[in-house]
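Colleague: Please take a close look at one part of this predicted model, the largest pocket. Which residues lie nearest its centre?

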Amino acid sequence: MSIRVKSKTSNKTLNIIREEWAKTYPISLLEITNMRDYQKFKSKKEIYFTKFVLWFSVIMLILSFYGTFAISHIETVNNRKNYAIRKVLGCSTRGLFIVLSKKYFIILFIAFVFAIPVSIYWINLWLSNFSKRIEISWM
């Protein structure tokens, strides 16, 4: 139960509430908390969770960049002669970049196509818990 009390008369009002509670519910314990303290506690919890998610995301991004760099490095080392021959025969730097990155852009596009529907589903599932919510549509 929530009760709004003016700050000038809060002690007097809380004493009256305690007395009435003791009369009405003698067995039950009355627990009184300040909403400001409760909100501070909840916001602290939210801040810790946000920091955790942020650090987790940063670590995952670093690992994924490292993995992508490692795969492209291995690919480049294995096909070094192929790229050298292309360069000698007149292929531009842009052309070499396209040859090197074409495979990875295709993989990235496929991952993007799979990630968008999954993320929209999870966002809608998360937003369904709110009373005032917005709709996330496909387009």
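Modeller: Of the 139 residues of the chain, 4% count as buried (under 20% relative accessible area with a 1.4 Å probe, protein chains only). The model is a predicted one, in which local features need pLDDT of at least 70, side-chain atom pairs need 80 or more, and totals for chains, interfaces and linings use all residues. Residues are numbered from 1 along the chain as its sequence is written, and side-chain values use heavy atoms, without hydrogens or water.

Before the pocket, the chain around it. The chain has four helices and zero strands, with helices being DSSP runs of H or I of at least four residues and strands runs of E of at least two, numbered from the N terminus. The order of the elements from the N terminus is α-α-α-α. The radius of gyration, taken over C-alpha atoms, is 30 Å, well over the 14 Å that the globule rule (2.2 Å times the number of residues to the power 0.38) gives for 139 residues, so the chain is more spread out than a compact globule. Its C-alpha trace spans about 95 × 30 × 30 Å along the principal axes.

Now the largest pocket. A pocket here is an open set of points on a 1 Å grid where a 1.4 Å probe fits, with protein on both sides within 12 Å along at least five of seven lines. The volume of the largest pocket is about 740 Å³, counted as the space filled by probe spheres on the points. Its lining consists of 18 residues (those with an atom within 4 Å of a point). Nearest the centre of this pocket lie Ile3, Ile32, Thr33, Asn34 and Met35. Two elements give two or more residues to the lining: helix 1, residues 10–24, and helix 2, residues 35–78. Helix 1 has the largest share, four residues. By class, the lining has nine nonpolar, five polar and four charged residues; Asp, Glu, Lys and Arg count as charged, Ala, Val, Leu, Ile, Met, Phe, Trp, Tyr, Cys and Pro as nonpolar, and the others as polar.

The second largest pocket can be set beside it. Its volume is about 190 Å³. Among the residues that line this pocket are Thr68, Ile71, Tyr104 and Phe105. Helix 2 and helix 4, residues 93–127, each give two or more residues to this lining, and helix 4 gives the most, six. In this second lining there are six nonpolar and two polar residues, and no charged ones, whereas the lining of the largest pocket has four charged residues. Helix 2 is thus named for both linings.

Terms used
Buried < 20%, exposed > 50% of the residue type's maximum accessible area, 1.4 Å probe, protein only.
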